[in-house]
Each structure stands twice: as C-alpha cells, then as structure tokens.
Amino acid sequence: MLITRPFDSAALKLHPFSCGEPDLDDWLTRYAGQSEKKDNVRTTLLLDEQQGRIAGYYSMRTFELSAADAASADGRSRRYPVPAMLLARLAVDSDYQSHGAGRLLLFDALQKLLAAANSIGFEVIVVHALHEDAACFYLKHGFRRFLDHDLSLFLTTKDLRATFVTQDPS
Ligand SMILES: CC(C)(COP(=O)(O)OP(=O)(O)OC[C@H]1O[C@@H](n2cnc3c(N)ncnc32)[C@H](O)[C@@H]1OP(=O)(O)O)[C@@H](O)C(=O)NCCC(=O)NCCS
C-alpha cells in the first residue's frame, strides 16, 4: 500500500529514487532535506512501506505571480502581483508510474492546498512543467495553460474548491 508521509531524510536510505528525470531525482536526494530545514520548500513522500521504497514525492512553496504573468492567465490586466502557491516538483519512480501514483500525489497536494486556502490567502496554484508530456498530465487534472507560457500551468483557488473538493482520487 502506498501512503503519503512528510519528508524524512531516513527514507533516502531506502532504494534509490529514479523517475526518469535526473534533476528531480537529484533534488530529492541532495536538496529536499536542506530546503525542509530552511522552511523553504515542504516535501511530501509517497512511500511503499512493504517494499521499503519511495514511490514518489511532491514539493510545494509559496509563490507570487507578477501582474503581467497573472494577466497571461486570464487576459485580465492587473495592477498588483497575485499571491500564489507553487507546486514546485512532482515525480513518481519509474517502477510505480502509470498505476495512479501521480494522481494520488496530485490529489494529496491539492487537498492540502484546499485546507490551507481557508487560512492563507492565495488566488492560484502554479506549476512549471518540465516538458509537454508533464504539462498534459496537469491539463488532464484541471490545470490551464498561461497564455504566454506553454509549460506553465495554473489552477485557481476557486476552481480548486469547485472541482477537486468533490472528487475522489481512487
Ligand atoms: C508525470 C507523472 C507524475 C505521472 O504519474 P503517473 O503515476 O505515471 O500517472 P498516473 O498513473 O497517476 O496517471 C493518472 C492519470 O493521468 C494520466 N496521465 C499520466 N501521465 C500523463 C501524461 N504525461 N499526459 C497525459 N495524461 C497522463 C493517466 O493516463 C491517468 O489517467 P486515466 O486514469 O484516465 O488513465 C510521472 O509519469 C512522472 O513522474 N514522470 C517523470 C517526472 C516528471 O516528468 N514529473 C513532472 C515534472 S513537472
């Protein structure tokens, strides 16, 4: 059974994590712990406790959209930057891909953001996809592209409430 857990550096001693994107593998191994200690980025692991493996992870932090980038989301001109959250990374180990782990991670992240939205103000969730394939994964799950940036996508907090609160990841 796969279960989400807060980042724990002890988990890195398990089987090496490999998702097919070396930068995402390296970041988990080398920088997730440091970022955690600095309260800079928060990482959640998806653990396969039976196999003693990290099946996936995502990391999130606060973000701010410039007025120009915010306008590129919906075409409305803005005078001020827009508070946002950044889904900075999301990756599934190659051995666990295509079995729902990515969706499970994404829904876990969105549920946390949904809860956070009750006490922290942010208008939008942003993700910078590494490539078109990853962008398609987010498009499939309700994200939309910025008009000016093909690989940057967003989900408004309003859409998050309307769409994801009623859905079940299973
Ligand atoms: C992209 C990634 C996270 C998807 O995770 P996954 O576990 O393979 O995906 P899931 O099995 O949870 O797929 C859930 C749904 O999304 C769809 N999906 C998965 N990858 C997709 C893609 N690249 N494009 C479109 N849809 C996709 C699946 O078909 C599935 O839909 P269905 O249930 O209707 O069939 C994973 O392939 C990965 O980690 N890739 C390497 C790292 C990476 O590129 N991360 C993104 C960085 S921005």
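Let's start with overall size. This protein has 170 residues, and a compact globule of that length would have a radius of gyration near 15 Å. The protein has 16 Å, which agrees. So the numbers fit a compact globule. Keep in mind that this is a predicted model. Along its principal axes, the C-alpha trace spans about 50 × 35 × 30 Å.

Next, the parts list. The protein has 5 helices and 7 strands. Follow the sequence and the pattern reads β-α-β-β-α-β-α-β-α-β-β-α.

Now the sheet. How are the 7 strands ordered in it? The order is β1-β2-β3-β4-β5-β7-β6. Note the end of that list: β7 sits between β5 and β6. The sheet is open, and its pairing is mixed. Two strands form the edges: β1, residues 2-6, and β6, residues 144-146. Each of them pairs on one side only. Neighbouring strands are turned by 30 degrees against each other on average, with direction ignored.

A quick reminder for anyone new to sheets. Strands pair through backbone hydrogen bonds, and they do so either parallel or antiparallel.

Let's walk across the pairs. Take β2 and β3 to begin with. They pair in the antiparallel sense over 7 bridges. Look for L46, which stands opposite G56 in β3. These two strands form a hairpin, with 4 residues between them. In that turn, G52 has a positive phi of about 65 degrees.

Move one strand over. β3 covers residues 53-65, and β4 covers residues 82-92. They run antiparallel, and 10 bridges join them. Which residues of β4 face M60 and R61 as bridge partners? For M60, the partner is L87. For R61, the partner is L86.

Now the far side of the sheet. β5 and β7 are antiparallel too, paired over 5 bridges. Here H128 stands opposite S152 in β7. Then comes the edge strand β6. It is joined to β7 by 3 bridges, and the two run antiparallel. F146 stands opposite H149 in β7. These strands make another hairpin, this one with 2 residues between them.

What lies across the sheet? Look at helix α3, residues 101-116. It lies across β1, β2, β3, β4, β5 and β7. Against β4, helix α3 runs at about 155 degrees.

Last topic: the largest pocket. Its volume is about 680 Å³. The lining has 27 residues. Which of them are closest to the centre? They are L90, V92, Q97, A134 and F137. If you want to find the pocket on screen, those five residues mark its middle.

Where does the lining come from? Four elements each supply at least two residues: β4, α3, β5 and α4, the helix at 132-140. β4 gives the most, with 6 residues. That is the strand we met earlier, joined to β3 by 10 bridges.

And the chemistry of that lining? By class, there are 14 nonpolar, 8 polar and 5 charged residues.

To wrap up, three things to look for. There is an open, mixed sheet of 7 strands. Helix α3 lies across strands including β3 and β4. And the largest pocket takes lining residues from β4, α3, β5 and α4, among them 6 from β4.

Terms used:
Residues are numbered from 1 along each chain as its sequence is written. This is a predicted model: local features need pLDDT of at least 70, side-chain atom pairs count only at pLDDT 80 or more; totals for chains, interfaces and linings use all residues. Side-chain values use heavy atoms; hydrogens and water are left out. Two strands pair if DSSP finds at least two bridges between them. Axes are lines fitted to C-alpha atoms, for helices over the stretch in contact, and angles run from 0 to 180 degrees between N-to-C directions. Contact means heavy atoms within 4.5 Å. On a 1 Å grid over the protein atoms alone, a cavity is a set of points where a 1.4 Å probe fits but cannot get out, and a pocket is an open set with protein on both sides within 12 Å along at least five of seven lines; lining residues have an atom within 4 Å of a point. Grid points are joined across faces, edges and corners, and a volume is the space filled by probe spheres set on the points. Ala, Val, Leu, Ile, Met, Phe, Trp, Tyr, Cys and Pro count as nonpolar, Asp, Glu, Lys and Arg as charged, and the others, Gly among them, as polar. The radius of gyration is taken over C-alpha atoms; the globule rule is 2.2 Å times the number of residues to the power 0.38.
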